[in-house]
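Visitor: I would like a guided walk through this protein. Could you take my questions one at a time?

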Amino acid sequence: LVLRPPHLVFVPSLSEDDIGGTARGPSLAGWVDSWIARITGIAQRVARLDWPAADFAGDVAQDAKVRALAESIRTRVADNRMALRAFASSYAAYQELWMFGEEPRMADALSPHAREQSSAQTEQGPTSSEEDTLLSLDVGDQRALARSERELSRLRRLAEEVATLSGGATIGWLRIDACPARQALLTLVTKWLFRYAQRLRRSVVNQLERLDARL
């Protein structure tokens with residue numbers, strides 16, 4: 001299980017119609033169909049006694065027991081596929097980390113003045129020179145400080161939750177390695193936590209420096 005923003009995907013993919021199913025090789029369903037075809041394809045190597053130029057491939061393909069076994073295998077694969085998607089849903093619950101990021105929440109935690117300045121820049125997003133203005137925190141606004149602390153606490157909680165996500169599972173005959181996805185989520189939440197704390201610290205330092213210059 002890996003994270004390829006904006007999608008969380010299995011490698012190989014579960015079926016050909018899944019995202020990434022054909023771009024990076026056969027899917028799980030494709031592999032199973034290939035194995036079934038190779039097994040039944042053995043009949044092509046046995047010549048018929050009544051017609052030496054032909055083989056038993058057609059007979060085997062139409063055999064009721066062979067068809068029932070093949071269908072049973074495909075049904076089991078489909079059931080495993082549903083279980084795999086259920087397993088991935090525990091990771092998809094954190095999609096805000098890679099779909100939207102934390103910028104909107106950062107802006108909400110700032111003072112009303114900073115939010116008014118940022119609203120006009122929403123479509124284009126802030127440039128590096130505008131970050132200090134957009135994320136400037138009024139240290140005298142206790143409500144803004146409280147919002148900032150809540151956001152930092154939320155990010156820390158997210159980091160703890162992601163760290164406890166299962167790094168793998170055994171579903172049927174499949175062993176799932178989810179460590180790549182978990183590591184990607186940990187990297188994202190750590191990045192946002194660091195950026196938020198740094199910007200908050202920088203905003204406070206800037207305000208204190210301005211205050212110091214006026215005194």
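Guide: Happily; what follows is a set of questions and answers about this predicted model.

Visitor: Let's start with the fold. How many helices and strands are there in the protein?

Guide: Reading along the sequence gives the pattern β-β-α-α-α-α-α-α-α-α-β-β-α. The pattern opens with β-β and ends with β-β-α. The totals for the protein are nine helices and four strands.

Visitor: What percentage of the residues count as buried?

Guide: The cut-off to keep in mind is that buried means under 20% relative accessible area. The protein exposes about 13,500 Å², with carbon and sulfur atoms supplying 56% of that area. Of its 215 residues, the share that counts as buried is 33%.

Visitor: Among contacts between residues at least 6 apart in sequence, what percentage join residues at least 24 apart?

Guide: A contact here means heavy atoms within 4.5 Å. Of the contacts between residues at least 6 apart, the portion joining residues at least 24 apart is 63%.

Visitor: Now some charges. Which residue forms a salt bridge with arginine 74?

Guide: Side chains of opposite charge can pair when their charged atoms come close. Arginine 74 sits in helix H3 (residues 64-92), and its partner, 41 residues apart from it, sits in helix H1 (residues 28-40). Arginine 74 is partly exposed at 36% relative accessible area, and the partner is partly exposed too, at 35%. With the closest N and O atoms 2.9 Å apart, that partner is aspartate 33.

Visitor: Is arginine 154 buried or exposed?

Guide: The side chain of arginine 154 meets that of glutamate 96 in a salt bridge, at 3.5 Å from N to O. This pair links distant parts of the chain, with arginine 154 in helix H8 (residues 142-163) and glutamate 96 in helix H4 (residues 96-99), 58 residues apart. Glutamate 96 is partly exposed, at 22%. Arginine 154 has a relative accessible area of 10%, and since buried means under 20%, arginine 154 is buried.

Visitor: Which residues are joined into one network by salt bridges that share partners?

Guide: Arginine 154 also forms a salt bridge with glutamate 151, the closest N and O atoms being 3.2 Å apart. Those two are three residues apart in helix H8, so about one helical turn separates them. Glutamate 151 is buried, with a relative accessible area of 14%. The network therefore consists of Glu96, Glu151 and Arg154.

Visitor: Why do the buried residues of H1 line one face of the helix?

Guide: The 13 residues of H1 should span 18 Å at 1.5 Å a residue, and the end C-alpha atoms are 19 Å apart, which agrees. The buried residues in H1 are Leu28, Ala29, Val32 and Ile36, and what covers them includes H3 and S4. Seen down the axis, these buried residues line one face because they fall within an arc of 105°.

Visitor: Which residues form the covered face of strand S4?

Guide: In a regular strand the side chains alternate between the two faces of the sheet. In S4 (residues 174-177), Arg175 and Asp177 make up the uncovered face. The covered face is Leu174 and Ile176.

Visitor: In the hairpin of S3 and S4, which residue takes a positive phi?

Guide: Strand S3 (residues 168-171) and S4 run antiparallel, joined by four bridges, and threonine 170 stands opposite arginine 175. Most residues other than glycine have a negative phi. The hairpin has two residues between the strands, and the one with a positive phi, near 65°, is glycine 172.

Visitor: How far does helix H9 reach from its first C-alpha to its last?

Guide: Helix H9 covers residues 179-214, 36 residues in total. Its buried residues include Leu185, Trp192, Tyr196 and Arg199. At 1.5 Å a residue the expected span is 52 Å, and the reach is close to that, at 52 Å.

Visitor: One last thing: which residues does a cis peptide bond join?

Guide: Most peptide bonds are trans. In this model, the loop between strand S2 (7-9) and H1 holds proline 12. Omega is about -5° at the cis bond, which joins valine 11 and proline 12.

Key
Residues are numbered from 1 along each chain as its sequence is written. This is a predicted model: local features need pLDDT of at least 70, side-chain atom pairs count only at pLDDT 80 or more; totals for chains, interfaces and linings use all residues. Side-chain values use heavy atoms; hydrogens and water are left out. A salt bridge is a side-chain nitrogen of Lys or Arg within 4 Å of a carboxyl oxygen of Asp or Glu. Buried means under 20% relative accessible area, exposed over 50%, partly exposed in between (1.4 Å probe, protein chains only). Accessible areas come from the Shrake-Rupley method with a 1.4 Å probe; for residues, only the protein chains shown count as cover. Two strands pair if DSSP finds at least two bridges between them. The expected span of a helix is 1.5 Å times one less than its number of residues. The arc is that of the directions from the helix axis to the C-beta atoms.
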